[in-house]
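Here is a friendly tour of one protein model. Have a look at the sequence and the fold first, and then we can go through the interior and a couple of backbone details together.

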Amino acid sequence: MLGDVSGRSILDLGCGTGGKLAELARDGAVASAGVDIAGNFISSPPVGVELIRGDLLDPGALPELSGRTFDRILFLQSFGYAVDPVRTLRSAQAMLKPDGFILLTRTQPIRYAVERAEQHGTTLGEEYFHRADYTYRAGWNENIKLTKRTYTMSDLLNVFSAAGLWIESASEPQLTPEAARRYPHKQAWMNKHLGILIFKLRPLAPF
Ligand SMILES: C[S@@+](CC[C@H](N)C(=O)[O-])C[C@H]1O[C@@H](n2cnc3c(N)ncnc32)[C@H](O)[C@@H]1O
């Protein structure tokens with residue numbers, strides 16, 4: 001969905017180590033930047049990649065990004081950390097070059113509903129529509145508890161609308177038949193949890 005990135009500038013919000021952005025630079029991306037609050041970056045990013053420690057809440061307000069615009073803006077499994085999601089999307093949208101787009105991935109909300117239904121002995125629908133925050137022990141460290149805001153598909157779509165964006169396309173990636181054969185445990189996980197959603201978002205054209 002990202003397409004050919006050669007000659008494209010990319011802003012990766014919640015970029016983690018910046019490793020994915022470095023790969024995109026190797027594929028030809030230019031004048032790119034990554035932002036992450038943890039600041040735990042790869043030690044020598046390639047030429048054309050700047051890694052910035054900062055909050056994705058209002059990317060346009062980050063001094064390092066002042067006046068800059070990008071062809072592609074990415075939120076790869078990071079959008080859930082935006083405390084004011086509409087504000088974040090509006091701010092990101094203002095940094096798009098003409099004909100630029102936002103690529104945003106989000107976990108299927110049904111995944112969390114399945115987990116909570118198993119944990120609480122309830123039903124999928126009860127958990128999917130439950131509005132309270134959800135706290136659970138991290139799978140990778142039993143001393144750490146994570147709290148997530150629950151959301152439904154409608155919540156997500158309404159955020160895009162409120163931010164003045166339209167969905168050019170959406171995708172729910174699946175394993176290829178060959179990958180499913182090679183990694184049956186991953187296919188079993190997907191069968192139960194569905195995976196992620198990917199949205200390609202563009203600003204609404206002014207009337
Ligand atoms: C699930 S990881 C995804 C990392 C990367 N995008 C990837 O696809 O591998 C979420 C990232 O968001 C970052 N993050 C969390 N809250 C943030 C915030 N308020 N501002 C910027 N980054 C944040 C975390 O530090 C973490 O690196």
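A nonpolar core is a set of buried Ala, Val, Leu, Ile, Met, Phe, Trp, Tyr and Cys residues joined through C-beta atoms within 7 Å. Please keep in mind that this is a predicted model.

The largest nonpolar core here has 32 residues, and those with the most contacts inside it are Ile10, Leu11, Leu13, Leu21, Ile73 and Ile102. At least two core residues come from each of β1 (9–13), α1 (19–26), β2 (30–36), β3 (49–53), β4 (70–76), α2 (85–93), β5 (96–107) and β9 (196–203). In soluble globular proteins, nonpolar side chains tend to be buried together.

What does Leu11 touch once its neighbours within four places in sequence are left aside? Its contacts are then Ser32, Ala33, Phe70, Ile73, Leu74 and Met95.

Helix α2 is worth a closer look. Its buried residues are Pro85, Thr88, Leu89, Ser91, Ala92 and Gln93. The cover over these buried residues of α2 includes β1, β4, β5, α5 (153–162), β8 (165–171) and β9.

Now for the backbone. Gln77 and Leu194 each have a positive phi without being a glycine.

| Residue | Phi | Loop | C-beta neighbours inside 10 Å |
|---|---|---|---|
| Gln77 | about 55 degrees | between β4 and α2 | 13 |
| Leu194 | about 75 degrees | between α7 (184–193) and β9 | 16 |

Are these residues buried, exposed or partly exposed? Gln77 counts as partly exposed because it has 13 such neighbours, and Leu194 counts as partly exposed because it has 16.

Key. Residues numbered from 1 in each chain as written. Predicted model: local features only at pLDDT ≥ 70, side-chain atom pairs only at ≥ 80, totals over all residues. Buried ≥ 20, exposed ≤ 12 C-beta atoms within 10 Å, placed from the backbone. Helix = DSSP H or I, 4+ residues; strand = E, 2+ residues; numbered from the N terminus. Contact = placed C-beta atoms within 7 Å.
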